[in-house]
Every structure is written in structure tokens, then in C-alpha cells.
Amino acid sequence: AKAVSMAKTIVLPESEDDRVIKAAELIVKEKIAKVVLVGNEDAIRQSAASLNVNLEGVTIVEPKSAAKLDIYVEEFFKMREKKGVTKEKAFEIITTEPRYFGAMMVRMGDADGMVAGSNSPTADVIRAALHVIGTKPGLKTVSSCFVMVTPKKEYGQDGVFVFSDCGVVPDPNAEQLADIACSAAESARALAGIA
């Protein structure tokens, strides 16, 4: 209900995953968010047809022909130039790495968020987000979390709870563990309304 009331735009860069195609249809059908799929339009539409998925209302963006491609490439080049990224390399990354393209959509205000990781290693998703969006000011430890929902309402808050960190910091020290706990609590409040 909260997501429906906010009407945000979410980019899903892993359109080669059938689960993502199915999720896009469901998200739009239930009006949870506006959805942007990143990838080859013909391939996405073929996948949708083979899955009997209706993508009406879903935006599909092909990085190589995107209206804002030049803007994204220039921005990425400016951000990563001191790390040795040339304009040519910036173009290559933005047009061939859908997670980077999706993160750039978020950075430039063309999407409110990105959901990835169904078909990518956690490290690849985090790398794209760090290189393009960066971290929240003051954040010392980058971490991940899972929002878990169970029909057993006695667990968590009404069956909803957060597991963190499950993939980024496998053996945190005490300071990292405290940072992860604070981030997890913030995610629990923001994503699941857990007080």
C-alpha cells in the first residue's frame, strides 16, 4: 500500500531473467511502481510472449539507443576519469553493463530506485551502485539485507523481518557489525515499516 501511494519508478536491469519479466508485469498490474526494464527490446518482448506475460505499461530501454545515452556516458566519464576511465570505456560500460545503466538512471533522477541481484553476483550489483550512485554520507560499512516475509505472524513484526548482512561482509568486526545493524534497522523501517 505504501509503494502504491508513492508511485515511484523502479529500474530492473536484469531483463534476461524470466523472474524479472514476470515481476515487471505483476508490479505494474498491482500499481506497486512504474517499471523500466533495461535490455534488448526484441529479446524482452520474445521472452514475455513465451512466458505469456503482458508488458503493457512497462517501459523498455535499450542502452545503446537510449535518448539520454550521451548524458549518461558523459556523467560516468566525469565521475570515473580520475580512476582511469576514458570516454570510450565509459561508453562501453554504460551500453554493455545493464546494472551500471540502471544505476545511472537513478543517479540522474530518471528512476527512483533499482532492484538487481536475481541474476548477478552481489559484488557486481554493489560495484555498479558504488561506482555510479555512491554511498550515503557518513556510511562507513556497505552491507546488504533481505526482507523476509513468512505467513507465521508471530515471527518478526507481523511475519516480516530483515536479515543482514548476508552477502557483503562475511566476517564483520565489532564496528562493522554495529554499522550493519544500524543500516539494517533503517532498511527495516524504510522498506517494511518495522518500528
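**Close-up 1. T150 sits in the loop between β5 (145-149) and β6.** Helices and strands here are DSSP runs (H or I, at least four residues, for helices; E, at least two, for strands), numbered from the N terminus. This is a predicted model, where local features need pLDDT of at least 70 and side-chain atom pairs count only at pLDDT 80 or more, while totals for chains, interfaces and linings use all residues. Residues are numbered from 1 along each chain as its sequence is written, and side-chain values use heavy atoms, with hydrogens and water left out. Is T150 buried or exposed? T150 is buried, at 18% relative accessible area; buried means under 20%, exposed over 50%, and partly exposed in between (1.4 Å probe, protein chains only). Setting aside residues up to four places away in sequence, T150 touches Y155, G159 and F161, with contact meaning heavy atoms within 4.5 Å.

**Close-up 2. F146, M148 and F163 make a nonpolar surface patch of about 270 Å².** Patches are built from residues with over 30% relative accessible area and no salt bridge; like charges are joined within 9 Å, and nonpolar side chains (Val, Leu, Ile, Met, Phe, Trp, Tyr) within 5 Å. The areas come from the Shrake-Rupley method with a 1.4 Å probe, and for residues only the protein chains shown count as cover. Look for F163 in strand β6 (residues 160-164). F163 is partly exposed, with a relative accessible area of 40%.

**Close-up 3. V35 is tucked into strand β2 (residues 34-38).** V35 is buried, at 2% relative accessible area. Beyond its neighbours within four places in sequence, V35 has contacts with I10, L12, A24, I27, V28, V58 and T59. How far apart in space are V35 and I60? Their C-alpha atoms are 8.5 Å apart, with the two positions 25 residues apart in sequence numbering.

**Close-up 4. Helix α6 (residues 98-107) is largely enclosed by the rest of the structure, because eight of its ten residues are buried.** The buried ones are R99, Y100, F101, G102, A103, M104, M105 and V106. R107 is partly exposed, at 36% relative accessible area. After α6 comes G109, which has a positive phi near 80°.

**Close-up 5. R107 and E75 pair up in a salt bridge, with the closest N and O atoms 2.9 Å apart.** R107 lies in helix α6 and E75 in helix α4 (residues 69-80), so the pair ties together parts that are 32 residues apart in sequence. A salt bridge here is a side-chain nitrogen of Lys or Arg within 4 Å of a carboxyl oxygen of Asp or Glu. The whole structure has ten of these salt bridges.

**Close-up 6. K89 and E92 form a salt bridge within helix α5 (residues 87-96).** Their closest N and O atoms are 3.5 Å apart. The two are three residues apart, so about one helical turn separates K89 from E92. K89 is partly exposed at 37%, and E92 is partly exposed at 41%.

**Close-up 7. The side chains of E186 and K136 meet in a salt bridge (2.7 Å, N to O).** This pair links distant parts of the chain, 50 residues apart: E186 is in helix α8 (residues 174-192), and K136 is in the loop between α7 (122-132) and β5. E186 is partly exposed at 37%, and K136 is partly exposed at 47%.
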